[in-house]
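Thank you all for coming. I would like to take a few minutes to walk through one model, beginning with a single residue and working outwards from there.

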Amino acid sequence: MIKLIIFDFDGVIITGSNDGYIKSYHHALESVGVNLEPEEERRRILEHWGKGHVPQLEYLLHETPEKVDDAVKAWEEYFKNNFRQNLKFITG
């Protein structure tokens with residue numbers, strides 16, 4: 001008897017979640033007045049990918065730790081309201 005089925009979310013039943021996370025981090029940085037070069041921002045995001053949004057933002061803002069709390073709030077609000085817009089279900 002099967003009791004549990006686990007899917008790898010992005011790339012199996014949907015696409016776009018990675019873009020949604022990246023947009024959320026970008027928004028959080030902008031909301032606290034931090035503008036990294038796009039390549040640097042992406043590099044930093046990918047270096048700590050999957051560690052959770054709070055440690056990720058702490059790393060992204062290591063030069064300005066006083067901005068982390070506000071960035072976390074901005075990330076959570078943006079994620080709550082915008083993340084699903086990036087998702088597309090894979091048919092078939």
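Let me start with His48, which has a relative accessibility of 18% and therefore counts as buried, since the cut-off for that class is under 20%. I should say at once that this is a predicted model, and that the values I quote are computed from it. His48 sits in the loop that joins α2 to α3, and, once its neighbours within four places in sequence are set aside, its contacts are with Gln56 and Tyr59.

Stepping back to the whole protein, we have four helices and two strands, and, read from the N terminus, these elements follow the order β-α-α-α-α-β. Along the principal axes, the C-alpha atoms fill a box of roughly 50 × 25 × 25 Å. Of the 92 residues in the protein, 30% are buried, and, among contacts with a separation of 6 or more, 60% are between residues 24 or more positions apart.

The element I would like to dwell on is α1, which covers residues 17-31 and, with its 15 residues, reaches 21 Å from the first C-alpha to the last, close to the 21 Å expected at 1.5 Å a residue. Just after this helix, Gly33 takes a positive phi of about 80°.

Which residues of α1 are buried? They are Ser17, Gly20, Ile22, Ser24, Tyr25, Ala28 and Leu29, and what covers them includes β1, α2, α3 and α4. As background to a list spaced like that, an α-helix has 3.6 residues a turn, so residues three or four places apart point the same way.

Ser24, within helix α1, is buried with a relative accessible area of 0%. Leaving aside neighbours within four places in sequence, Ser24 is in contact with Trp75, Tyr78 and Phe79.

Finally, let me turn to how α1 packs with α3. The axes of these two helices come within 11 Å and cross at roughly 50°, which makes α1 oblique to α3, and the crossing is right-handed. On the α1 side the contact involves Tyr25, Ala28 and Leu29, which meet His53, Gln56, Leu57 and Leu60 in α3. Divided by character, the residues of this contact comprise five nonpolar, two polar and no charged. Gln56, then, takes part in the contact with α1, and it also brings us back to the starting point, as one of the residues in contact with His48.

Methods: Residues numbered from 1 in each chain as written. Predicted model: local features only at pLDDT ≥ 70, side-chain atom pairs only at ≥ 80, totals over all residues. Heavy atoms only, no water. Expected span 1.5 Å × (residues − 1). Buried < 20%, exposed > 50% of the residue type's maximum accessible area, 1.4 Å probe, protein only. Contact = heavy atoms within 4.5 Å. Axes fitted to C-alpha atoms, helices over the stretch in contact; angles between N-to-C directions. Parallel < 35°, antiparallel > 145°, perpendicular 65-115°, else oblique. Left-handed = near helix turned anticlockwise from the far one by under 90°. Nonpolar A, V, L, I, M, F, W, Y, C, P; charged D, E, K, R; others polar.
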